[in-house]
Amino acid sequence: MKKISLKGLTDFPIEYYTGEPHLEVIGNFECVVDGLKSIMEYSSDRIKLNIGKRAVTFHGEDLHINSFTPQGAIVQGIILSLEFSDAD
């Protein structure tokens, strides 16, 4: 079977086609998370999301999830830092 390269065919990152999680940080007030599996922790200063083999923890102030779908979520608030860990 002939392999086809998707690189250069589209403006979308390759993660959209491989099923890998994708995070897009917009300033320090919003992050779009694609590939969300579950919410592990939720408070106004800490949100921890399962994104498959890994988890991402948002630390900040006035954090909340503005949009939540089976495909992803939008985390908003004052995002001070992100932390990646194994999704145990």
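## Ground rules

Buried means under 20% relative accessible area, exposed means over 50%, and partly exposed is whatever sits in between, with a 1.4 Å probe and protein chains only. Strands are DSSP runs of E with at least two residues, numbered from the N terminus. With those in hand, here's a first look at β4: 4 of its 5 residues are buried, so the strand is mostly covered.

Keep in mind that this is a predicted model: local features need pLDDT of at least 70, side-chain atom pairs count only at pLDDT 80 or more, and totals for chains, interfaces and linings use all residues. Residues are numbered from 1 along each chain as its sequence is written, and side-chain values use heavy atoms, with hydrogens and water left out.

## The sheet as a whole

What is the strand order of the open sheet? Its 6 strands run β1-β2-β6-β5-β4-β3, with antiparallel pairing. The edges belong to β1 and β3, each of which pairs on one side only. From one strand to the next, the twist averages 35 degrees, taking axes as lines fitted to C-alpha atoms and angles from 0 to 180 degrees between N-to-C directions.

Two strands count as paired if DSSP finds at least two bridges between them. Starting from the β1 edge, β1 and β2 are antiparallel and share 5 bridges. Next, β2 meets β6, again antiparallel, over 5 bridges. Between β5 (residues 54–68) and β6 (residues 72–86) there are 12 antiparallel bridges. Moving on, β5 and β4 are held in antiparallel register by 5 bridges, and β4 is joined to β3 (residues 38–42) by 4, also antiparallel.

## Partners and turns

Some individual pairs help you find your way around. Ile26 has Glu30 of β2 as its bridge partner, and Asp34 stands opposite Gly72 in β6. Over in the β5–β6 pairing, Ile65 is matched with Val75 of β6. Ser38 has Asn50 as its bridge partner in β4.

A few hairpins are worth a click, too. The one between β1 and β2 has 3 residues between the strands, and Gly27 there takes a positive phi near 60 degrees. The β4–β5 hairpin also has 3 residues between its strands, with Gly52 at a positive phi near 105 degrees. β3 and β4 are likewise joined by a hairpin, through 3 residues.

## Two faces of β2

In a regular strand the side chains alternate between the two faces of the sheet. You can see this in β2 (residues 30–34): Cys31 and Val33 point to one face and are buried, while Glu30, Val32 and Asp34 point to the other and are not.

## Ile47, a covered spot in β4

Ile47 lies in β4 (residues 46–50). Is Ile47 buried or exposed? Its relative accessibility is 0%, so Ile47 counts as buried. Across the pairing, Ile47 stands opposite Phe58 in β5.

Contact here means heavy atoms within 4.5 Å. Neighbours within four places in sequence aside, Ile47 contacts Glu41, Tyr42, Val56, Thr57, Phe58, Leu63, His64, Ile65 and Val75. Take Ile65 from that list: its C-alpha atom is 8.6 Å from that of Ile47, and the two residues are 18 apart along the chain.

## Salt bridges

Side chains of opposite charge can pair when their charged atoms come close. How many salt bridges does a search of the whole structure find? The count is 2, a salt bridge being a side-chain nitrogen of Lys or Arg within 4 Å of a carboxyl oxygen of Asp or Glu.

One of them joins Glu41 to Arg46, with the closest N and O atoms 2.7 Å apart. Glu41 is partly exposed at 32% relative accessibility, and Arg46 is partly exposed at 28%.

Arg54 and Asp86 also form a salt bridge, at 2.7 Å from N to O. This pair links distant parts of the chain, with Arg54 in β5 and Asp86 in β6, 32 residues apart. Arg54 is partly exposed at 44% relative accessibility, as is Asp86 at 47%.

## A nonpolar surface patch

Val25, Leu82 and Phe84 make up a nonpolar patch on the surface, with about 270 Å² of accessible area together. For this purpose, patches are made of residues with over 30% relative accessible area and no salt bridge; like charges are joined within 9 Å, and nonpolar side chains (Val, Leu, Ile, Met, Phe, Trp, Tyr) within 5 Å. The areas come from the Shrake-Rupley method with a 1.4 Å probe, and for residues only the protein chains shown count as cover. Val25 belongs to β1 (residues 22–26) and is partly exposed, with a relative accessible area of 44%.
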